[in-house]
Structures are given as C-alpha cells and as structure tokens.
Amino acid sequence: MKNKKFKFRTIRAILGLAIIMLAFSCTKETETPPVLDENFNDGVFIVNEGAYFGGTGTITFLKRDGSQVLYKIYQEANLGLPLGNIVQSMNIIDDIAFIAVNNGNQVEMAATKTFQSLGNLPNIDYPAYIIGAGNNKIYISSWDNTVKIYTTDGTEYVGQIDVGTGPTRMIDINSDIWVLNQGGLSVDSTISIIDKSNDQVKETKQVYPVPSGIQQDKNGLVWVLCTGKGFWQGGASEGHLIAIDPVTYAIQKDFIFPDTINHPEKLAINNTGDVLFYNYPGGVYKFEINSSSLENSPFVARPGMFYSLACDPKDNVIYVSDPVDYVQDGWVYRYHAATGSVIDSLKAGIVPREYHFVD
C-alpha cells in the first residue's frame, strides 16, 4: 500500500513539475518578440493606413522578386502592439524606421532589422511626412502648420519652423528643404523653402491650390503637381503641373489640366529622372519632362483612380493601390514603368497609401 502511495505521489509530482516547466516555457516564448527577417532588404515597405474608425495601421514588407510577403510586421515584432490610427507615411533614417501616425499625434520608431519598437515621439499634431536632410536632423511636417525638428536618433527635440497651412510632402534639394503646404482642412497654395543651415524659411513660393506632389528631374528642375480645389472648397479650380528653377524659384513651365471637375493626385518619377507619373481619372498618366503638353490617354488604364502611386528607383516599377471599401485589405498592383505592362498584384493591408523602398 505504501509503495502505491509513493508511486502515485511521484507521478503527480512529475506531472506538476512538467506543467510548471511548460507554463514557464510558454511565458518565455511570448515575452520574446520574433525576428521576422534579419535585414528587411531588397524590397518595399507598404504603409497601410488602417480603418479610419477604431482601426490601426500596419506595415507590409514585400521582396522585390515577389518571393516573400510579410504582413503586420510591426505588430508581429511587438507582441501585437497596435501601430496606431491613421498611419500616414514612413521613412528610414540611420537604421531607424520613423512612422507618422496621423490621428495618433505621434511618430513611432522601430529598429529596421527587427522592427521592434524603439519608442515614439509624442505630442506632434497630425504628423504627415518625415525626411532626413544629412545634417543629423529629421524634419516632420505637422498639421499645426509647423515642421518639427529632432535629432536623427529621435532622442532630442531641436525646435520647430512655422510654415504654411497643412504641410505635407517634403524634399531635400541642394541646401534647402521644400515643404508643400497643401492646406489641411482648408486650402493653401504655397511652398515653404527652408534653409538647412539655420532652419529658417528663406522663401515662400506662391504656386496653385493644393500642391500635393513634388519631384526633381535629371536636369535639376523641381516639378510640383497642384491638385486644385474641389467645389466644396470655395469654388473648384483646375490642376497644374509646374516646373520650378531651384535657384531662382521661378516657374519655368506650367501645364494646365483641362477642367475643374477632374483633379490629378500624387507624383512619381522614373529611375532615370526623365518621366513623371501621376494619378488621374482613367488610371496612371505619364509625362516626359521635355513634352510640350499633357497626355490625353492613360499610361496604365483603370476605371476611376488609383489611391496611391510610387516608382521604385532600383528596378523602375510602378506601385499603385486600390483600397477597395476602406475596411477590408486593399490591393497593390505593380507595373513596368517603361512599358506599362502589369507585373503582379498582392493583398496588402487596409488602405495601402505609401511605399518605402530599400536595397
């Protein structure tokens, strides 16, 4: 009888120890975020806004050759931590991914090799875009009509610069940072040009309503796409595609869209810097920088308009998206920038809106 009791207690003790070890093992696993990819190289990060009401944005990573797609990489690397609402854009500067979370009023930071969180830059009113300018600083366009400045490691707030209304996209040209003032919830028609040496606005360039896209071509000219006002913005106006001299800031070329009903959006450039692309009703249109007029027919045809647009500078591929119903995962389509022929498509996240390419 004693032997039976001893055996029973021994078996029960072993089972209990096994359960404790299993629980400890599970706890250790859930506490250690997975490493999704050792480098996240040779591909594109797709920035997905997320659902507007109560949703969180996500980041999808796609290898250029299509061999790998990783979804929700920020959440996967951070034990399900939501990225925030609405994710507007992303840029990688000095091995840190800076992610603008618009409605969340903050910029999230993640390590580019693992995508594990490095904290955030809080209390930034509706951050839109982030650039590095090679001077150990990052610049963040904010819808409180300023550009915020931080050190490139995100540890130190440097200051802010007053610009126009609703600043969005920025580009580093020579010793200047050009900021498109799109208007936010109103309308603006200016570009703030910031001198990087003193972080002061040196020029406020008047253009046309709602400047929404900017690129520099192979000859140095700065091309700006002005979307134009909608009828709900105090009277509709036509869109413009203009070329600006980066030294004198004079408008050298001005191409006017045909009506005030249809409005161009986004602006991308090919890898040789001589062909521009923009979204317009009917699909993606192209514009050769030496052209004397706008194209009448789309380069990539589509009923309606694509939501996003970018061109990969490495392999000259156009990326566009369809958000479907803004609730379910949207689609990203890839086209050859030289021919307009389709390459492939993939489901990304909810409302794919921006792209960041890495070698």
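A residue counts as exposed when its relative accessible area is over 50%, as buried when that value is under 20%, and as partly exposed in between. Keep these cut-offs in mind while moving through this model, which is a predicted one.

Begin with the whole protein chain selected and coloured by secondary structure: it comprises 2 helices and 28 strands. Switching the colouring to burial, you will find that buried residues account for 53% of the 359 residues in the chain. If you then display contacts with a separation of 6 or more, 43% of them join residues that are 24 or more positions apart. With a surface drawn over the protein chain, the accessible area comes to about 16,600 Å², and carbon and sulfur atoms contribute 52% of it.

Next, select Asp94, Asp95, Asp153 and Glu156, which together form a negative patch on the surface. Centre the view on Asp94, which sits in the loop that runs between strand 4 (87-93) and strand 5 (96-101). Is Asp94 buried or exposed? Its relative accessibility is 55%, so Asp94 counts as exposed, the cut-off for that class being over 50%.

Then move to Tyr126, Trp143 and Leu185, a selection that shows a nonpolar surface patch whose members have about 360 Å² of accessible area together. Within this patch, follow the backbone to Tyr126, which is placed in the loop between strand 7 (117-121) and strand 8 (127-132). Tyr126 has a relative accessible area of 38% and is therefore partly exposed, since that class covers the values between the 20% and 50% cut-offs.

Methods:
Residues numbered from 1 in each chain as written. Predicted model: local features only at pLDDT ≥ 70, side-chain atom pairs only at ≥ 80, totals over all residues. Heavy atoms only, no water. Patch = residues over 30% accessible without salt bridge, like charges linked within 9 Å, V, L, I, M, F, W, Y side chains within 5 Å. Areas by Shrake-Rupley, 256 points an atom, 1.4 Å probe, with all protein chains shown as cover. Salt bridge = Lys/Arg side-chain N within 4 Å of Asp/Glu carboxyl O. Lys, Arg positive; Asp, Glu negative; His and termini not counted. Charge placed at Lys NZ, Arg CZ, Asp CG, Glu CD. Helix = DSSP H or I, 4+ residues; strand = E, 2+ residues; numbered from the N terminus. Buried < 20%, exposed > 50% of the residue type's maximum accessible area, 1.4 Å probe, protein only. Contact = heavy atoms within 4.5 Å.
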